[in-house]
Amino acid sequence: MAKETVKLGSVKRFGPRYGRIVKERLAKIEKVQHSKHMCPYCRSSKVKRQAVGIWYCRKCKAKFTGKAYSLKKLSVQKEKKEEAAEAPKEEAVAEEE
Ligand SMILES: [Zn+2]
């Protein structure tokens with residue numbers, strides 16, 4: 001299975017330097033870091049990162065803390081997706097027994 005290509009986006013500023021793996025890793029982080037997130041107070045996606053761990057909603061002007069590069073833990077979302085994908089397989093095994 002070929003590995004999925006990661007779009008470099010903002011990491012293109014490094015040009016041909018520093019290697020593919022490192023740049024792909026940084027691209028994933030910077031994409032989340034620079035994107036707008038949903039506000040936990042007014043539910044509009046106007047939250048942007050001000051500084052490390054500081055997030056600011058441009059609609060309701062709420063300033064609050066989060067993760068350094070994202071609003072919430074990224075790994076949690078991935079685990080949920082993996083669990084959902086694995087769950088039907090486990091049920092199938094149980095039926096066979
Ligand atoms: Zn808000």
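Tutor: Two residues count as being in contact if their C-beta atoms, placed from the backbone, lie within 7 Å. The model under discussion is predicted.

Student: What share of the contacts in the protein with a separation of 6 or more is between residues 24 or more positions apart?

Tutor: The contacts considered here are those with a separation of 6 or more. Among these, the share of residues 24 or more positions apart is 13%.

Student: Which pattern does the protein follow along the sequence?

Tutor: The secondary structure comprises two helices and three strands. Read along the sequence, these elements give α-β-β-β-α.

Student: Why is one side of β1 and of β3 left without a neighbour in the sheet?

Tutor: The three strands form an open sheet with antiparallel pairing, in the order β1-β2-β3. Strands β1 (47-51) and β3 (63-65) therefore each have a single partner strand, as both stand at the edges.

Student: By how many degrees are neighbouring strands of this sheet turned against each other on average?

Tutor: The sheet has the strand order β1-β2-β3. With direction ignored, the average turn between its neighbouring strands is 35 degrees.

Student: Which residue of β2 stands opposite threonine 65 in β3?

Tutor: Strand β2 covers residues 54-57 and pairs with β3 in the antiparallel sense over three bridges. Strand β2 is also joined to β1, by four bridges, and these two strands run antiparallel. The bridge partner of alanine 51 in β2 is isoleucine 54. The residue opposite threonine 65 is likewise isoleucine 54.

Student: Which side chains along β2 are buried?

Tutor: In a regular strand the side chains alternate between the two faces of the sheet. Along β2, Ile54 and Tyr56 point to one face and are not buried. The buried side chains point to the other face, and they belong to Trp55 and Cys57.

Student: Which residue has a positive phi in the turn between β2 and β3?

Tutor: The hairpin of β1 and β2 has two residues between the strands, and glycine 53 in its turn has a positive phi of about 80 degrees. The hairpin of β2 and β3 has five residues between the strands. In that turn, a positive phi of about 60 degrees belongs to lysine 61.

How values were computed
Residues numbered from 1 in each chain as written. Predicted model: local features only at pLDDT ≥ 70, side-chain atom pairs only at ≥ 80, totals over all residues. Pairing = 2+ DSSP bridges. Axes fitted to C-alpha atoms, helices over the stretch in contact; angles between N-to-C directions. Buried ≥ 20, exposed ≤ 12 C-beta atoms within 10 Å, placed from the backbone.
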